[in-house]
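Welcome! Take a moment to look over the protein below, turning it around if you can, before reading the notes that follow.

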Amino acid sequence: MSCCSVRSNTSSPTAGGRANLLGNAPEDATTCPVMGGVVASTSAAEAAGLYRDHKGARYYFCCAGCGPAFDADPARYVGVA
Ligand SMILES: [Zn+2]
């Protein structure tokens with residue numbers, strides 16, 4: 001029959017859709033879980049203390065104000081939305 005011949009044209013092989021939001025950002029970049037801002041460099045964020053280790057994962061922040069906000073309610077930012 002012809003019902004199952006030409007239908008698989010809309011599927012796109014996007015493994016990690018979130019990565020697309022950053023375009024051509026370097027691997028060193030990530031997203032701030034608090035404000036959603038771009039963390040240009042995780043290594044720079046570490047050097048500046050703009051990160052937290054929470055439940056085995058490390059989160060990086062885009063600015064100094066995000067650390068305390070994260071501390072106040074980590075689950076709000078890392079929780080499965
Ligand atoms: Zn921030």
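Of the 81 residues in this protein, 16% count as buried. Please keep in mind that you are looking at a predicted model. The protein has three helices and four strands, and along the sequence they follow the pattern β-β-α-β-β-α-α.

**The annotated region**
- An unreviewed UniProt entry carries the annotation "domain: YHS", which covers residues 50-79.
- Over residues 50-79, the chain is 40% helix and 27% strand.
- The C-alpha atoms at the two ends of that stretch are 19 Å apart.

**The β3–β4 hairpin**
- Strands β3 (51-54) and β4 (57-60) run antiparallel, and four bridges join them.
- Tyr51 stands opposite Tyr60 in β4.
- Two residues sit between the strands of this hairpin.
- Lys55 lies in the loop between β3 and β4.
- Lys55 is not a glycine, and yet it has a positive phi of about 50°.
- Is Lys55 buried or exposed? Lys55 counts as exposed because it has 8 C-beta neighbours inside 10 Å, and the cut-off for exposed is 12 or fewer.

**The nonpolar core**
- In soluble globular proteins, nonpolar side chains tend to be buried together.
- The largest nonpolar core here has eleven residues, including Cys32, Val34, Val39, Ala45 and Leu50.
- Several aromatic residues also belong to this core, among them Tyr59, Tyr60, Phe61, Phe70 and Tyr77.
- Which elements give two or more residues to this core? They are β4 (57-60) and α2 (66-72).
- Leaving aside residues up to four places away in sequence, Tyr77 touches Pro33, Val34 and Phe70.

**From β4 to α2**
- Gly65 lies in the loop between β4 and α2.
- Gly65 is exposed because 12 other C-beta atoms lie within 10 Å, and a residue counts as exposed at 12 or fewer.
- How far apart in space are Gly65 and Leu50? From C-alpha to C-alpha they are 9.0 Å apart, with a separation of 15 residues in sequence.

**Contacts along the chain**
- Consider the contacts between residues at least 6 apart in sequence: 33% of them join residues at least 24 apart.
- Tyr77 and Val34 are one pair in contact that you can look for in the model.

Terms used. Residues numbered from 1 in each chain as written. Predicted model: local features only at pLDDT ≥ 70, side-chain atom pairs only at ≥ 80, totals over all residues. UniProt positions renumbered as here; feature names shortened; annotations may be inferred. Core = buried A, V, L, I, M, F, W, Y, C linked by C-beta atoms within 7 Å. Buried ≥ 20, exposed ≤ 12 C-beta atoms within 10 Å, placed from the backbone. Contact = placed C-beta atoms within 7 Å. Pairing = 2+ DSSP bridges.
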